[in-house]
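Work through the exercises below with the sequence and the structure side by side. Each one sets a task and then gives a solution in steps.

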Amino acid sequence: MFYQNGKKGIPSEIGKKFPDECVDKRRNSRKSFTKEILIAGTKPERERLFTCPWHINCSLYRKNRRKKSFIMNRRKNRPKKELARERVALITGITGQDGSYLAEFLLIKGYRVYGLMRRSSSFNTGRIDHIYQDPHDPNPRLQLIYGDLNDASSLNKILRSIQPDEIYNLGAQSHVRVSFDVPEYTAEITGIGTLRLLEAIRDSGIQPKFYQAASSEMFGKVQAIPQNEQTPFYPRSPYGVAKVYAYWITVNYREAYNLFACNGILFNHESPRRGETFVSRKITKAAARIKLGIQKELFLGNLEARRDWGFAGDYVEAMWLMLQQNEARDYVIATGTHYSVKDLLNVAFGVLDLDWQEYVKIDARYYRPTEVDLLVGDSQKARTQLGWQPRMSFQDLIRTMVNADLEEESKRLYGINYVMADSEGSAIYEPNKLVEAVDGGHSLKW
């Protein structure tokens with residue numbers, strides 16, 4: 001048996017004889033003890049060796065004392081665990097429909113969000129005013145910074161400054177019909193702008209995850225129905241061509257420079273924040289204005305075109321999910337259903353008990369030089385690998401947009417105290433009534 005602090009210990013099968021110098025010291029000691037000492041096992045067993053009072057000068061004790069000192073110093077010098085760093089995201093096109101929903105989503109997730117914004121003499125921040133934070137706040141989590149996809153130097157400076165963990169490239173000249181009028185500008189921003197951003201990432205030396213907003217317009221004259229990640233591209237507009245270039249340059253930089261860069265091929269996605277020149281919002285806004293007597297006619301182009309329409313708020317979640325994967329891949333994001341422009345008119349005007357055929361006129365100027373007749377996506381890969389699914393149906397989406405436009409136009413025309421929305425969503429001109437505004441499924445009371 002051996003002793004520790006005057007108490008008997010439990011002998012162990014793991015042991016080692018004392019060195020001779022220690023045995024000699026034992027002869028001069030008035031206390032008796034065993035010639036075996038614990039040198040392995042649990043921490044308490046190791047401590048018995050280090051605290052054994054008869055081995056202060058023996059070589060075995062000195063050897064293990066040095067070992068203990070080394071272990072303690074290593075523990076002392078071990079760097080402390082860093083607190084989880086706040087993730088930083090950069091969004092180009094933050095003032096657009098998708099950018100505003102994505103900024104909201106990331107803020108809820110706890111990100112610090114930077115939004116790239118072009119310098120202009122007039123503010124275009126209406127979609128993010130409700131989440132905007134004054135830059136003089138001590139710790140703003142949303143900050144807007146000036147930059148341009150047409151200016152490589154500004155992109156390099158921004159990336160080196162904020163060092164984002166994730167980059168969402170949503171900025172583009174995104175109107176398909178307008179791209180025929182400004183094809184060079186469309187190619188410069190939508191196509192080459194993506195290249196400038198990828199080059200800025202490579203040049204800065206940072207390693208963020210990169211999301212490129214691709215488009216269903218890349219399929220154009222479709223080669224298969226429905227379209228998925230393997231369907232060949234056949235773009236039918238300068239916008240579609242520019243998006244195809246942006247898609248392949250993203251793939252090239254992923255393979256050539258090992259960047260985490262992925263493409264989200266998003267089919268049409270709408271909301272009350274959609275630009276008023278896009279056909280979906282153009283229709284819902286016109287329906288509301290006609291109901292209120294502000295507008296008498298609506299001019300449109302091809303009513304037979306069929307699209308896969310979803311809710312933008314659902315689609316930004318898919319963008320985020322792509323960047324949370326271990327490997328960068330490309331995904332189609334779509335509902336898998338398609339409706340014609342006539343179907344959209346039926347739903348929108350039906351919400352307000354109107355017959356669209358009494359108000360819609362055809363204007364040849366709104367036809368594209370090369371039309372795209374049908375786009376419908378197969379998002380099975382995203383549903384399986386990302387766990388993503390669309391939540392809002394086409395009918396609910398259009399109804400939400402019509403109600404939001406009705407409230408907005410009513411407020412503008414009659415003032416807050418003179419408008420009420422009844423259960424059918426139609427306007428009633430009564431004083432001293434409140435109105436509810438519906439935006440993306442959220443009810444806001446003024």
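**Exercise 1. Determine which residue just after α4 takes a positive phi, and decide whether α4 is enclosed or open.**

Step 1. In this predicted model, the residue to find is Gly110, which follows just after α4 and takes a positive phi of about 95°.

Step 2. For the length of the helix, α4 covers residues 97–108, and its twelve residues at 1.5 Å a residue should span 16 Å, while the end C-alpha atoms are 17 Å apart, which agrees. The expected span is 1.5 Å times one less than the number of residues.

Step 3. Counting a residue as buried when its relative accessible area is under 20%, one finds that eleven of the twelve residues of α4 are buried, so the helix is largely enclosed by the rest of the structure. Among these buried residues are Gln97, Asp98 and Glu104, together with Tyr101, Phe105, Leu106 and Leu107.

**Exercise 2. Find which residues have the most contacts inside the largest nonpolar core, and follow Leu106 to its contacts.**

Step 1. The largest nonpolar core has 67 residues, and those with the most contacts inside it are Leu106, Tyr168, Tyr211, Leu345 and Phe349. Helix α10 (residues 312–322) gives the largest share of this core, with eight residues.

Step 2. Leu106, which belongs to the buried set of α4, is in contact with Ala89, Ile91, Tyr111, Val113, Tyr168 and Trp320 once its neighbours within four places in sequence are left aside.

Step 3. Apart from the largest core lies another core, of 22 residues, and Tyr114, Ile158, Leu197 and Ala200 are among its members.

**Exercise 3. Classify the ring pair of Tyr168 and Tyr211 and the ring pair of Phe233 and Trp248.**

Step 1. A pair of aromatic rings is described by the distance of the centres and the angle of the planes. A search of the whole structure finds 13 aromatic pairs.

Step 2. The ring centres of Tyr168 and Tyr211 are 6.1 Å apart and the planes stand at 45°, so this pair is tilted. The pair links distant parts of the chain, with Tyr168 in strand β8 (residues 166–169) and Tyr211 in strand β9, 43 residues apart. Both Tyr168 and Tyr211 are buried.

Step 3. Phe233 and Trp248 form an edge-to-face pair, at 6.4 Å centre to centre and with 65° between the planes. Here Phe233 lies in the loop between β9 and α8, whereas Trp248 lies in helix α8, 15 residues apart.

Step 4. As for accessibility, Phe233 counts as partly exposed at 22%, and Trp248 is partly exposed with a relative accessible area of 47%. Phe233 and Trp248 also belong to one aromatic cluster, which they form with Phe219, Tyr247 and Phe267.

**Exercise 4. Describe helix α8 and name the elements against which its buried residues pack.**

Step 1. Helix α8 covers residues 238–257, and at 1.5 Å a residue its 20 residues should span 28 Å, which agrees with end C-alpha atoms that are 28 Å apart.

Step 2. Its buried residues include Tyr239, Val244, Tyr247, Ile249, Val251 and Tyr253, and also the charged side chains Lys243 and Arg254. The buried residues pack against α6 (176–179), α7 (183–204), β9 (209–215) and β10 (260–266).

Step 3. Just after the helix, Asn258 takes a positive phi of about 60°.

**Exercise 5. Place β10 among its partner strands and decide whether its faces are covered or open.**

Step 1. β9 and β10 run parallel and are joined by seven bridges, one of the partnerships being that of Phe210 with Ala261 in β10. With α8, these two strands make a right-handed β-α-β unit.

Step 2. β10 is also joined to strand β15 (residues 331–333), by three bridges and again in parallel, and here Leu266 stands opposite Ile333 in β15.

Step 3. Seven of the seven residues of β10 are buried. Both faces are covered, with Phe260, Cys262, Gly264 and Leu266 buried on one side and Ala261, Asn263 and Ile265 buried on the other.

Terms used. Residues numbered from 1 in each chain as written. Predicted model: local features only at pLDDT ≥ 70, side-chain atom pairs only at ≥ 80, totals over all residues. Heavy atoms only, no water. Helix = DSSP H or I, 4+ residues; strand = E, 2+ residues; numbered from the N terminus. Buried < 20%, exposed > 50% of the residue type's maximum accessible area, 1.4 Å probe, protein only. Contact = heavy atoms within 4.5 Å. Pairing = 2+ DSSP bridges. Right-handed = clockwise from strand over helix to strand, strands pointing away. Core = buried A, V, L, I, M, F, W, Y, C linked by side-chain atoms within 4.5 Å. Phe/Tyr/Trp six-rings, centres within 6.5 Å; stacked < 30°, edge-to-face > 60°.
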